[in-house]
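Trainee: I would like to go through this structure with you. Could we begin with the strands and then move on to the rings and the empty spaces?

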Amino acid sequence: MSAPPLLETRGITKRYGHVEALRGADFTVYPGEVVALLGDNGAGKSTLVKAITGTIQPDEGQILFEGQPVQMTSPLDARTLGIETVFQDLALVPDMDPSGNLFLGREILRPGLLGRLGMLDRRAMHERTVEAFTRLGVNIQDAQAKVIGMSGGQRQGVAVARAMVWASKMVLMDEPTAALGVVQSRHVNDLILRVRDQGVAVVLVSHNMQHVFEVADRIEVLRLGKRVAARRKADTSIEEVVADMTGLSVTGAA
Amino acid sequence: MTTTRPTPPAPARLALRRVLASQAMLTAGTLLVVMALFTALFPGKFATLYNIQTLMVDYSGIVLLGVGLTFIMTSARFDLSVGAVLVFSCVLGTKAMGALGGADGGWGAVLIGLAVCLGTGLLAGLVNGFLIVKARVPSIIVTLGTLSVAQGAAYVLTGGVDLYAVPKVMLDHIGQGKVLGLPVPIVVAALAVAIGSFVLSQTRFGQYTCATGSNAEAARRAGINIDRVAITLYLISGAGAGLAGFMSLARYGSTTLAAHQNDNLTALLGVVLGGTSLFGGTGTVVGTAVGVFIPGVLSNGLVMMQVLPYWQYIIVGIVLIAVVYIDLVKRRGRTEGG
């Protein structure tokens with residue numbers, strides 16, 4: 001990749017008491033690519049994700065966004081830069097409909113006096129939600145039904161659509177298929193590719209090797225809090241990546 | 001409401017169906033059935049303008065408590081203190097108005113009394129909210145504590161003897177007054193319901209209230225200051241209690257130390273009957289306003305049937321548990337079906 005990176009972390013260190021979750025972790029995301037962040041349990045994936053989304057502050061190291069050093073002090077900072085996150089638990093409000101969730105914290109208000117009183121423009125939010133679902137191919141029959149009554153796949157669709165609608169540069173997905181069946185996982189793959197095709201980079205944190213090899217352009221591997229490999233999918237194999245993750249030789253990894 | 005944009009027919013019809021199937025409609029239906037029953041049982045006695053109006057005035061204070069409680073319970077918390085805060089605000093309000101001329105006090109004294117009652121309620125709300133948010137003590141314990149403190153303080157300040165220093169103008173023009181032919185307490189309660197309903201169902205703050213009750217972590221990650229929302233909610237609930245205290249003074253001309261012990265429970269039952277989930281996330285103020293009248297109509301009818309009115313407390317308690325049980329079963333069904 002010759003384009004300058006969209007996001008780069010350099011030497012991120014994070015300690016929790018005596019435990020070093022990250023020991024100088026590097027990570028690179030190029031514009032408009034799907035990059036998988038892989039690692040065994042405890043490799044530091046979720047800590048790195050939290051640092052990138054501003055949920056935690058690293059003890060050492062630097063985060064560069066479009067070449068500029070940035071401070072991520074809260075999830076709002078990440079959002080301001082055009083980074084959205086699909087959390088593993090989806091972070092949806094079950095008692096609200098999809099448009100309430102899509103616009104949570106960023107509601108559209110009525111114009112004029114009513115808006116100044118805080119009145120919501122539900123119709124505008126609903127229309128934009130339906131439009132986003134259509135564009136992303138998220139299949140939800142009743143866009144005014146509460147999320148609580150929806151299937152796992154539909155909820156995933158709502159959460160991904162929310163990230164998509166607001167992300168201008170990058171979407172981070174933490175284990176997006178962990179709770180899904182085969183068909184639904186394939187649908188998430190389609191969504192990821194559609195997101196990338198709109199020029200938004202996707203960071204995919206996953207355990208699911210099959211899934212990663214289906215959609216990722218590149219793969220970066222963390223082990224014991226450090227990046228141990230950065231490979232292009234075309235030039236590698238599942239065996240090689242598993243070896244990176246475990247630190248064992250190719251023949252030893254099964 | 002007129003809009004220039006056409007309404008897509010399908011969602012509108014779905015929304016209508018949803019309204020018709022809602023708990024609030026069920027409650028309204030129940031209320032109508034009970035009222036029809038009493039009308040048939042006591043022709044010319046129950047369904048009279050005088051009886052219904054008296055009933056509504058009697059329960060207008062509970063409606064004020066219920067509006068605040070609807071917000072609190074939609075955010076998946078409790079407020080057990082509103083009944084005691086009501087009485088405490090009565091005491092402070094009467095003390096203030098007593099110092100400003102008592103029964104002979106003018107509108108100035110009344111306004112000060114209103115300010116003191118509301119201020120007392122807001123202060124209680126601030127204490128509740130602050131302790132719940134910052135000290136992270138569960139709301140049921142915090143408000144149980146402030147209930148006891150407010151009740152104790154009311155008795156300490158009065159020595160357990162009711163005060164009566166309420167200006168006559170307040171009794172005549174607010175407690176017994178009418179606006180457009182309607183008793184002022186009913187108008188005040190109706191305004192509170194209208195404003196509360198607008199805020200909870202149509203505004204961003206209402207959206208945040210539901211979100212914190214449904215999934216607080218999701219709300220926080222969406223950038224909502226959930227602590228500030230919680231404190232504001234307790235301020236609303238406290239203000240409702242303070243206003244109810246002022247209206248109680250206007251109606252009875254007394255601090256009514258012992259008269260509001262069941263108000264909190266009755267308001268809570270009204271909220272739950274009105275379709276607000278005890279587990280947070282959904283609530284309607286209009287539903288509460290309807291729900292509050294079910295125990296009201298019941299006790300009114302029981303009196304007419306010459307049954308001891310104390311039976312209403314037994315009925316209220318049983319109905320409360322039954323309604324919450326049904327809500328629980330419905331919730332379980334929905335999440336497991338997903």
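Mentor: Let us settle one term beforehand: two strands pair if DSSP finds at least two bridges between them. Please also keep in mind that this is a predicted model.

Trainee: With that settled, how many residues lie between β1(A) and β2(A) in their hairpin?

Mentor: The hairpin of β1(A) and β2(A) has two residues between the strands. In the turn, Gly17(A) has a positive phi of about 65°.

Trainee: Over how many bridges do β1(A) and β2(A) pair, and in which sense?

Mentor: β1(A) and β2(A) pair over eight bridges, in the antiparallel sense. Ile12(A), for example, has Ala25(A) in β2(A) as its bridge partner.

Trainee: And how many bridges join β1 to β4 in chain A?

Mentor: Strand β1 (residues 7-16) of chain A is joined to strand β4 (residues 60-65) of chain A by five bridges, and the two run antiparallel. Leu7(A) stands opposite Phe65(A) in β4(A), and Thr9(A) stands opposite Ile63(A) in β4(A).

Trainee: In what order do the four strands of the open sheet of chain A come?

Mentor: The order is β2-β1-β4-β5 (chain A), with antiparallel pairing.

Trainee: Which strands of chain A stand at the edges?

Mentor: β2 (19-29) and β5 (68-69) of chain A do. Each has a single partner strand, so one side of each is left without a neighbour in the sheet.

Trainee: How confident is the predictor about chain A, in terms of mean pLDDT?

Mentor: Chain A has a mean pLDDT of 88, and 96% of its residues reach 70 or more. Among the elements of chain A, the highest mean pLDDT, 95, belongs to helix α3 (residues 98-102) of chain A, and the lowest, 83, to helix α7 (residues 182-197) of chain A.

Trainee: Let us change to aromatics. How many aromatic pairs are there over all chains?

Mentor: There are four aromatic pairs over all chains. One of them joins Phe103(A) and Trp166(A) in an edge-to-face arrangement, 5.7 Å centre to centre with 85° between the planes.

Trainee: Which parts of chain A does that pair tie together?

Mentor: Phe103(A) lies in the loop between α3 and α4 (112-116) of chain A, and Trp166(A) lies in helix α6 (residues 152-166) of chain A, so the pair ties together parts that are 63 residues apart in sequence. Phe103(A) is buried, at 1% relative accessible area, whereas Trp166(A) counts as partly exposed at 23%.

Trainee: And why do the rings of Phe38(B) and Phe46(B) count as tilted?

Mentor: Their planes are at 50° and their centres 5.6 Å apart, so the pair is tilted; the tilted class takes angles that are neither under 30 degrees nor over 60. Phe38(B) is buried, with 4% relative accessible area, and Phe46(B) is buried as well, with 0%. Ring pairs link Phe38(B), Phe42(B) and Phe46(B) into a cluster.

Trainee: What sits over the ring of Phe87(A)?

Mentor: The charged end of Arg221(B) does, 4.1 Å from the ring centre. Both residues return in the largest cavity: Arg79(A), Glu84(A), Thr85(A), Phe87(A) and Arg221(B) are the closest to its centre, out of 18 lining residues.

Trainee: How much space lies in that largest cavity, and which elements supply at least two residues of its lining?

Mentor: About 220 Å³ of space lies in the largest cavity. Its lining takes at least two residues from each of α2 (75-80), β6 (83-86) and α6 of chain A and α10 (216-221) of chain B.

Trainee: What about the volume of the second largest pocket?

Mentor: That pocket has a volume of about 670 Å³. It is lined by 30 residues, and the closest to its centre are Asp58(B), Tyr59(B), Ile62(B), Tyr252(B) and Asp263(B). α3(B) gives the most to this lining, with nine residues.

Trainee: One last topic: where does Arg136(B) lie, and is it buried or exposed?

Mentor: Arg136(B) lies in the loop between α5 (107-133) and α6 (139-158) of chain B, and it is exposed, at 60% relative accessible area. Its phi is near 60°, a positive value in a residue other than glycine.

Conventions
Residues numbered from 1 in each chain as written. Chains lettered and ligands numbered in written order. Predicted model: local features only at pLDDT ≥ 70, side-chain atom pairs only at ≥ 80, totals over all residues. Heavy atoms only, no water. pLDDT = per-residue confidence, 0-100. Phe/Tyr/Trp six-rings, centres within 6.5 Å; stacked < 30°, edge-to-face > 60°. Buried < 20%, exposed > 50% of the residue type's maximum accessible area, 1.4 Å probe, protein only. Lys NZ or Arg CZ within 6 Å of the ring centre and 35° of its normal. 1 Å grid on protein atoms, 1.4 Å probe; cavity = no way out; pocket = protein on both sides within 12 Å on 5 of 7 lines; lining within 4 Å. Points joined across faces, edges and corners; volume = space filled by probe spheres on them.
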